[in-house]
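Please open the structure in a viewer and follow the stops below in order. Each stop says what to select and what is there.

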Amino acid sequence: MDDRDLLRYSRHILLDEIGIKGQEKLLSSAALVIGCGGLGAAALPFLAAAGMGRLILADHDEVDETNLQRQTAFNESDIGRNKAETLLGRLKSINSRCETVALPHYLDGDELAEQVRRADVVLDCSDNFATRQALNRACVAAAKPLVSGAAARFDGQLAVYRPDFSDSPCYACLFDDGQADDGACALFGVFSPLVGVIGSMQAAEALKILLGTEPQEYGRLHVYNALSGRWQSFALTKNRQCRVCGPKAV
């Protein structure tokens, strides 16, 4: 770090749990964020501001007027533009020294696997079951930490999966392949600040993973209800018969 970095990240450096060594870890780390809607648009500015060395953001979707109710990274002039490319500009204005790459298309197959392998941590900010399952499989295959978030109506979910730890359940241990509702926001609605709460928590968990802070958070599902303002936490166990992370994975 140079003098500019020492000044910029001084409030991190003052924290015993981070310090200079921790900040240097962030500056040399890479995060992959799938989905630049409500959750991604909330998480990414914090990651950039915190000094993430490299951010890869992927989203094939375009900004729609209905997004503006909750996706505060966008404004009216962004309608019709790709979300990843639009958000890239904002992130560069937040931290010009953070290497930022926008992938304005749907990631799957070999490309998804390759981008996951290049990342030190992955954030699932998507809004559909198929993407979540594909991303989980890629993270398990590459043994990469996955921070998963979801938001619909007034309810949010947050979970950290650590396939790099042998005892950690994966996303498929909790949500096996089956039917799920895509486009939940369009079908059921979503409370505007909810995506900010969950997205910012995803950023916090990702940063803690990269910093190696103790205790390591994984194996729990955190559920937040914005009407009551209450969090609930449920312990998750590894499914030994899981088709993704179990011994007989296919």
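Two residues are in contact when they have heavy atoms within 4.5 Å. By that cut-off, 65% of the contacts in the protein chain with a separation of 6 or more come from residues 24 or more positions apart. Keep in mind throughout that this is a predicted model.

**Whole chain**

Show the protein chain as a cartoon. It has ten helices and eight strands. Its radius of gyration is 17 Å, close to the 18 Å that the globule rule gives for 250 residues, so the chain is as compact as a globular protein of that length. The C-alpha trace spans about 50 × 40 × 40 Å along its principal axes. Colour the residues by accessibility: buried ones make up 48% of the 250.

**Strand β6 and its partners**

Select residues 155-161, which form strand β6. Is this strand mostly covered or mostly uncovered? Five of its seven residues are buried, so to speak of β6 as mostly covered relies on a cut-off of under 20% relative accessible area.

Now add residues 146-152, strand β5, which pairs with β6 in the antiparallel sense over seven bridges. Within this pairing, Gly 156 of β6 is the bridge partner of Ala 151. The hairpin of β5 and β6 has two residues between the strands, and Arg 153 there takes a positive phi near 55°.

Next add residues 220-225, strand β7, which runs antiparallel to β6 and is joined to β6 by five bridges. Return to Gly 156: its bridge partner in β7 is Tyr 224.

**The nonpolar cores**

Select Leu 47, Leu 55 and Leu 123 and show their side chains. Of the 41 residues in the largest nonpolar core, these three touch the most other members. Elements that each supply at least two residues of this core include β1 (30-34), α4 (38-50), β2 (54-58) and α5 (83-94), along with β4 (121-124), β5, β6 and α10 (192-211). Helix α10 gives the most, with nine residues.

Centre the view on Leu 47. Which residues is Leu 47 in contact with, leaving aside its neighbours within four places in sequence? They are Val 33, Met 52, Leu 55, Leu 123, Ala 203, Ala 206 and Leu 207.

Then move to a second, separate core of 22 residues, with Ala 119, Cys 139, Tyr 161 and Tyr 171 among them.

**Helix α7**

Select residues 129-142, helix α7. At 1.5 Å a residue, its 14 residues should span 20 Å, and the end C-alpha atoms are 20 Å apart, which agrees. Look at the start of α7, where a side-chain oxygen of Asn 128 reaches to within 3.4 Å of the backbone nitrogen of Ala 130. Just after the helix, Ala 143 takes a positive phi of about 55°.

Buried residues in α7 include Phe 129, Arg 132, Leu 135, Cys 139 and Val 140. To see what covers the buried residues of α7, show β1, α6 (109-118), β4, β5 and α8 (171-174), which are among the covering elements.

**Glu 65**

For the last stop, select Glu 65, in the loop between β2 and α5. Is Glu 65 buried or exposed? Its relative accessibility is 58%, and because the cut-off for exposed is over 50%, Glu 65 counts as exposed. Add Asn 75 to the selection: Glu 65 and Asn 75 are ten residues apart in sequence and 8.9 Å apart in space, C-alpha to C-alpha.

Key:
Residues numbered from 1 in each chain as written. Predicted model: local features only at pLDDT ≥ 70, side-chain atom pairs only at ≥ 80, totals over all residues. Heavy atoms only, no water. Buried < 20%, exposed > 50% of the residue type's maximum accessible area, 1.4 Å probe, protein only. Helix = DSSP H or I, 4+ residues; strand = E, 2+ residues; numbered from the N terminus. Pairing = 2+ DSSP bridges. Core = buried A, V, L, I, M, F, W, Y, C linked by side-chain atoms within 4.5 Å. Expected span 1.5 Å × (residues − 1). Polar contact = N/O pair within 3.5 Å; in protein donor to acceptor, adjacent residues only side chain to side chain. Rg over C-alpha atoms; globule rule 2.2 N^0.38 Å.
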